[in-house]
Amino acid sequence: MTEVLGDFIRALRAADVRVSTSESIDAGRVVDLVGLGEREILRHALSQVLAKTEDEKQAFRDTFDRYFAFDQFKAKSEATAEQQGDAEREPNAGETQNGSGGMPGPGGGGTEGQPSGGAPAPQDLVAMLEGGDQAALQMALAEAARQAQLNRIRLFTQRGMYTRRMMEIMGLDALNDEIERRESSDPAGAERLSAARDALREQVRDYVEKQLEIFTANAGRQLREEVLSQVRLSNVDRSDMKVMRTLVAKMAKRLVALHSRRRKVERRGQLDMRRTIRANVEFDGLFFHTIWKQQKIDRPKVVAICDVSGSVAQVARFLLMFLYSLQEVLPRVRSFAFSGQLGETTELFERERDIEKALARALMEHGGGSTDYGQAFLDFERLALDDVDHRTTVLILGDARSNYGNPRGDILKKIHARARRVIWLNPEPRSLWNSGDSEMKRLAPYCDTAKTCASLKDLERVISELLRHAA
């Protein structure tokens, strides 16, 4: 039972259903309670603890149906039917035991209720094929899948290997020997047994392909997303922009889930004397209940200043996309964009529901001209410096290349003096920071943190840290 459930949860995760460790434990308790005997009851019960959103519920239903669809041997082959010569034989004998009511053990997870003796003895395979015993063949296939560890299949090219391995576990060698022995004494019997072997191989191969589909449902897309999350944003091809937007949405959703509640963290070792005394008045001052001082982790106030010129524009696009996808935990975001002159884009994002359209317009309005950090800081001093206070985190995204103009580090010094933190995100490698017209050497002293930020993973780490250390 544990193996069946574990493989099913692995299949759900492959289908983009998020299942935590605690939810897996809850699912185990559900299976202990309702068992694997009634398909619909099990489906409904597991869906209550494993699927949260409508999309996940649909993915759960699809995965459940595919995972527990064990119909390889429901219909007998015509060759077996002719050999039996019994028209009255039940065509769905296997379904009677392991159909919609009983739950077999797919996915290489073993078979519920099966004795621990493992796969049938090799010589039994001949009897099962000749007797058309679908139930026994189902159990043999499930046990072979478990022994071959079919739940670890990952690549399309592994189909043949797993098919061969499972056939051998089920008794292929003994079956071949029997066919060879009959070729001289019973050619017709050998031919029927050979046909049954070929049909069995096709059925095992079909089963392997179904398991491949279940356990690698989104493997290609997940691999692509993992690669794109780490590639330099300036190198992202236009054809991947849709995947990148989806990836940003997923990362933002994950951060919202982590930081959606305001938290209070105890400052252990610092006793809150006033509250402790007040809580123990009824005990004549004896400290039965001690109360420790707490620090409230609140939602931060963020100001983003983005260089949208040249290759930096691509990184700025995704930073702004990130910030405005976090409205639930970052409701107080002000954004500014510049190439030459700086302008505020906050109202543009608030007015335009489609973030993509707002980004395109912001880049079009503020992305032209020669980069001038000095002018940008002058404009920011005029527009927003008075609104920066000790609760404000200032994010500056840019390569600090000011075309040899004065970058006005004195204004950045004022911003740093007022703000809680100033974080500079530079898309360039640190080795290039002070080359050519880069002014990082003059500007970095007025930042609390200056780091390379060139990929989605980098952006996610920065924003997660921002949320985690908010005050």
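Contact here means heavy atoms within 4.5 Å. Keep that cut-off at hand for the exercises below, which use a predicted model.

**Exercise 1. Place Ser339 in the fold, decide whether Ser339 is buried or exposed, and list its contacts beyond four places in sequence.**

*Solution.*
Step 1: Look between β4 (332-338) and β5 (342-344); Ser339 sits in the loop that joins them.
Step 2: Check the accessibility. Buried means under 20% relative accessible area. Ser339 has 0% relative accessibility, so Ser339 counts as buried.
Step 3: Set aside the neighbours within four places in sequence. Ser339 then touches Ser309, along with His366, Gly367, Gly368, Gly369, Ser370, Thr371 and Asp372.

**Exercise 2. Describe how helices α10 and α11 pack.**

*Solution.*
Step 1: Take α10 (residues 172-185) and α11 (residues 187-215); their axes lie 7 Å apart, at an angle of about 155 degrees.
Step 2: Classify the angle. Angles over 145 degrees count as roughly antiparallel, and therefore α10 is roughly antiparallel to α11.
Step 3: Add the handedness: the crossing of α10 and α11 is left-handed.
Step 4: Inspect the contact. The α10 side includes Leu172, Leu175 and Ile179, while the α11 side includes Pro187, Leu193 and Arg197.
Step 5: Sort the contact residues of α10 with α11 by character, which gives six nonpolar, four polar and five charged.

**Exercise 3. Summarise the whole protein.**

*Solution.*
Step 1: Tally the elements: 21 helices and eight strands.
Step 2: Of the 471 residues, 47% are buried.
Step 3: Consider contacts between residues at least 6 apart in sequence; 75% of these join residues at least 24 apart.
Step 4: Finish with the surface: the protein exposes about 23,800 Å², with 48% supplied by carbon and sulfur atoms.

Methods: Residues numbered from 1 in each chain as written. Predicted model: local features only at pLDDT ≥ 70, side-chain atom pairs only at ≥ 80, totals over all residues. Heavy atoms only, no water. Axes fitted to C-alpha atoms, helices over the stretch in contact; angles between N-to-C directions. Helix = DSSP H or I, 4+ residues; strand = E, 2+ residues; numbered from the N terminus. Parallel < 35°, antiparallel > 145°, perpendicular 65-115°, else oblique. Left-handed = near helix turned anticlockwise from the far one by under 90°. Nonpolar A, V, L, I, M, F, W, Y, C, P; charged D, E, K, R; others polar. Buried < 20%, exposed > 50% of the residue type's maximum accessible area, 1.4 Å probe, protein only. Areas by Shrake-Rupley, 256 points an atom, 1.4 Å probe, with all protein chains shown as cover.
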